[in-house]
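Work through the exercises below with the structure open beside you. Try each task before reading its solution.

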Amino acid sequence: MAYPFERTLRSLNYESDTRLVFVALMVLCAGGLIAWSLFAKVPLVKASSQARIEPHNAVHRIEPPSAGRVVLSLLKLDQEVKEGDLLIEFDARAERLELERSKATLAATEKEIAIIRQQITNKHQEAALTARVDEVALKEALGREQELAPRHRLAVEREQLALKSPAGSVSEMEKLERTTDVDALRFAQTAQGLALTRLRHEQNVRRQALAAQLLELQREELGAEGRIRELQGTIERLEYQIERKLYRAPATGHLVDVAELGAGAFIADGQRVGTIVASDAEVRVRARFPKEVVGLIQPGQTARLKLDGYPMTIYGTVPARVTAVGTEPGQTATPEAIPGTVRVELKFAPPDDPRIQLRHGMTLSVEVEVARASPVALLMRAVGEWNPQPEDQPAPVFRPEAEAR
């Protein structure tokens, strides 16, 4: 059926208007896309999936300093412990037996030194009494010597009188007797002097013997004191070793990781059997980035945390900022360091979603904003024809609510 000319012309006009509208919309979209590509600023991020939440200087590893066999283990997961609480008891029977023997020897040695000191006291008293006796003996010997002197003088005078008397007045026998008395008293004086000298020598010998006995007792006293000090040192060492067999909590906090240790289990030197985290510790994020980020990531830059346990599509992300950046990559593999990576620490703000509970040990991914550039600049940089200039500044520094307050 043929259409009238008027309806055909009106239809052509309507299609032209619609086409113009579509063209205008396409031009606007293209212009907007070009403007966005040239002037919009897109954040450049460095990401790491090797990150976890840890308290700052509040993680205490339970690593007994010496090897031993377990007698008792009080390790329980998520248990609250206080500093000094007993956690593990090791077998210390050998040390305790040695300690008892050392204490018994020490008690015997102390009694021995008490006896030696009493002997020394007795010897001093004996020396004092002997000195007084010797003094009296010397006075007695001197008195006897002094007693013979006047008798000798009298005998000499009588002898001289007899010799000077007239002939016939004194018999020859009497003269001989008086001469004999003089000789006898002279010999007695000589003998008494020798006796006095012998007495003094004997006293010196006795004093030297007493001094030698005192020196011997003092030597025994010093030897006993040395043995006592040695035993005391041995006892202190054994008590220290026994105390080391009682491994106690190094800090107050929660047991977040424990090993199953039954009676008879053996622990090697420095073996980790648990971890204590302080209850009131401030937590932060510790991440490992490739060493190539050194110089790009700096303190103060903003970041986003994507928690492995809280999917981003449901709970969102947690804002954070960089607080410290390491510059020396790890060389050996450890639980805290990965070879070829540097350590970066971040501080996070309270999550927007109250369902998120940030706790020690949670794993996550970190995206740090290091700069902003236009899409065209990013494209040119991708093909290697242009690099962002220094004037391209990163986004404003994020400040947690706690610091703002």
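The exercises treat strand pairing, burial, a surface patch and a backbone angle in this predicted model.

**Exercise 1. Lay out the open sheet of 4 strands and find its edges.**

Solution.
- Start with the order. The strands run β2-β9-β7-β4 across the sheet, and the pairing is antiparallel.
- Now look at the ends. β2 (59-62) and β4 (80-81) each have a single partner strand, so one side of each lacks a neighbour in the sheet.
- Then take β7 and β9. Strand β7 covers residues 253-258, strand β9 covers residues 274-277, and 4 bridges join them.
- Pin the register with one pair: V258 has G274 in β9 as its bridge partner.

**Exercise 2. Identify the strands that pair with β13, and state how well β13 is covered.**

Solution.
- Locate the strand. β13 spans residues 341-348.
- Check cover. Of its 8 residues, 6 are buried, so β13 is mostly covered under the cut-off of under 20% relative accessible area.
- Take β10 next. It runs antiparallel to β13, with 6 bridges between them. One bridge pair is R288 with R343 in β13.
- Turn to β12, residues 318-325. It pairs with β13 over 5 bridges, again in the antiparallel sense. Here V322 has L346 in β13 as its bridge partner.

**Exercise 3. Decide whether R286 is buried or exposed, and find a polar contact of its side chain.**

Solution.
- Place the residue. R286 sits in strand β10, residues 283-290.
- Read its area. The relative accessible area of R286 is 7%. Buried means under 20%, so R286 is buried.
- Look for a polar contact. The R286 side chain meets the side chain of E54 at 3.0 Å.

**Exercise 4. Name the residues of the nonpolar surface patch and classify F22 by accessibility.**

Solution.
- List the members. V21, F22, L25 and L28 make a nonpolar patch of about 420 Å².
- Place F22. It lies in helix α1, residues 5-39.
- Classify F22. Its relative accessibility is 51%. The exposed class begins over 50%, so F22 counts as exposed.

**Exercise 5. Find where D78 lies and state what is notable about its phi.**

Solution.
- Locate D78. It belongs to the loop between β3 (68-73) and β4.
- Read the angle. Phi of D78 is positive, about 60°.
- Check the residue type. D78 is not a glycine, yet has this positive phi.
- Link back to Exercise 1: β4, which follows this loop, stands at an edge of the open sheet.

Key: Residues are numbered from 1 along each chain as its sequence is written. This is a predicted model: local features need pLDDT of at least 70, side-chain atom pairs count only at pLDDT 80 or more; totals for chains, interfaces and linings use all residues. Side-chain values use heavy atoms; hydrogens and water are left out. Two strands pair if DSSP finds at least two bridges between them. Helices (H or I, at least four residues) and strands (E, at least two) are DSSP runs, numbered from the N terminus. Patches are made of residues with over 30% relative accessible area and no salt bridge: like charges are joined within 9 Å, nonpolar side chains (Val, Leu, Ile, Met, Phe, Trp, Tyr) within 5 Å. Accessible areas come from the Shrake-Rupley method with a 1.4 Å probe; for residues, only the protein chains shown count as cover. A salt bridge is a side-chain nitrogen of Lys or Arg within 4 Å of a carboxyl oxygen of Asp or Glu. Buried means under 20% relative accessible area, exposed over 50%, partly exposed in between (1.4 Å probe, protein chains only). A polar contact is a pair of N or O atoms within 3.5 Å; within protein, one must be able to donate a hydrogen and the other to accept it, and residues adjacent in sequence count only if both atoms are side-chain atoms.
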